[in-house]
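User: I'm new to this one and would like a walk through it. Could we take it as questions and answers?

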Amino acid sequence: MSSESKWKYNSEEEKKLAEHIISLEKAALEKWCKGDTSGYAELWSKKNFTYFDAVVSKRVDDYETISKFLKSIEGKVIAEKYEVVDPRVQIGKDMAVLTYQFFAKFTIGDIEYNCIEVFQKEDDGVWRVIHSTWSVIKPMQKDFSKLKAIV
C-alpha cells in the first residue's frame, strides 16, 4: 500500500494522531479487502453515523442501516490487490478528517474511490468515524455495468 503522505503536520502530536487515524482506516481496509466487514463495523460510530457511497442514492443516516448492509455483503467483497494513495488527516478539536484515494482490483471488478472519513473522539476516548463518503473518481468515465452484483 502506498500510504506516505506529503502533508506536513503542525506538531509531533498532530503527526502521531494522523498516523493513528490512518492506521485505524488501514486496519479496517485490510479486513474489508479479505471480505471481512467487521473492521468498519467497529470503526464506524454506533452513536452518530452517516454514509454516502457512489452506489447508494440516498445518505444512510444511522449505524443500524449500515450494519445491515455490512452483513449483507460479508464475504462477498474481496480485493486481489489494493492501494491507499496520499492519505491526509486534517485535525480539529476532537475531530479529524481523513482523505485519500483508494484503488482496488476486486473480484467484482476494479474500482477507484475518493474517500472521506470524518473521525470524532467519542466520550470513551476512542476515535470513530461519524461520517464516511466513498465517491468514484471521474464517475462520468466509468462503466458500472461491468461490475458484478454483490447484493
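Analyst: Sure, here are some questions and answers on this predicted model.

User: Let's begin with the sheet. In what order do its five strands sit?

Analyst: The sheet is an open one, and its pairing is mixed. Going from strand to strand, the twist averages 20°. The order is β1-β5-β4-β3-β2.

User: Which strands stand at the edges, and why is one side of each left without a neighbour?

Analyst: Strands of a sheet pair through backbone hydrogen bonds, either parallel or antiparallel. An edge strand here has a single partner strand, so one of its sides has no neighbour in the sheet. The two edge strands are β1 (50–53) and β2.

User: How many bridges join β3 to β4?

Analyst: Strand β4 covers residues 109–121 and runs antiparallel to β3. The two form a hairpin with two residues between them. Going along the pairing, F106 stands opposite G109, A96 has F119 as its bridge partner, and V97 has V118. The number of bridges is twelve.

User: And on the other side of β3, which turn residue between β2 and β3 has a positive phi?

Analyst: Strand β2 (residues 79–92) pairs with β3 in the antiparallel sense, over eleven bridges. In that pairing, A79 stands opposite F106. The two strands form a hairpin with two residues between them, and the turn residue with a positive phi, about 55°, is D94.

User: What about β4 and β5: how many residues lie between them in their hairpin?

Analyst: These strands pair in the antiparallel sense over nine bridges. One link in that pairing is F119, whose bridge partner in β5 is V129. In the turn, G125 has a positive phi of about 85°, and the number of residues between the strands is five.

User: Back to β3: which side chains point to the buried face?

Analyst: Along residues 95–106 the side chains alternate between two faces. M95, V97, T99, Q101, F103 and K105 point to the face where they are not buried. The other face, with the buried side chains, has A96, L98, Y100, F102, A104 and F106.

User: Which strands does helix α1 lie across, and at what angle does it run to β2?

Analyst: Helix α1 is made up of residues 12–32. The strands it lies across are β2, β3, β4 and β5 (127–136). Its angle to β2 is about 150°.

User: I see plenty of aromatic residues. How many aromatic pairs does the count come to?

Analyst: Ring pairs link W32, Y40, W44, F49, Y51, Y82, Y100, F102, F106, Y113 and W134 into a cluster. The count of aromatic pairs comes to eleven.

User: How is the pair of Y82 and F102 arranged, and which parts does it tie together?

Analyst: A pair of aromatic rings is described by the distance of the centres and the angle of the planes. For Y82 and F102 those values are 5.9 Å and 40°, which makes the pair tilted. Y82 lies in β2 and F102 in β3, so the parts tied together are 20 residues apart in sequence.

User: Are those two residues buried or exposed?

Analyst: The cut-off for buried is under 20% relative accessible area. Y82 is at 16%, so Y82 counts as buried. F102 is at 1%, so F102 too counts as buried.

User: Last one: is the pair of F102 and F106 stacked or tilted?

Analyst: Both residues are buried. Their ring centres are 6.2 Å apart and their planes stand at 50°, so the pair is tilted.

Terms used. Residues are numbered from 1 along each chain as its sequence is written. This is a predicted model: local features need pLDDT of at least 70, side-chain atom pairs count only at pLDDT 80 or more; totals for chains, interfaces and linings use all residues. Side-chain values use heavy atoms; hydrogens and water are left out. Buried means under 20% relative accessible area, exposed over 50%, partly exposed in between (1.4 Å probe, protein chains only). Helices (H or I, at least four residues) and strands (E, at least two) are DSSP runs, numbered from the N terminus. Two strands pair if DSSP finds at least two bridges between them. Axes are lines fitted to C-alpha atoms, for helices over the stretch in contact, and angles run from 0 to 180 degrees between N-to-C directions. Contact means heavy atoms within 4.5 Å. Rings of Phe, Tyr and Trp (its six-membered ring) pair if their centres lie within 6.5 Å; planes under 30 degrees apart count as stacked, over 60 as edge-to-face and the rest as tilted.
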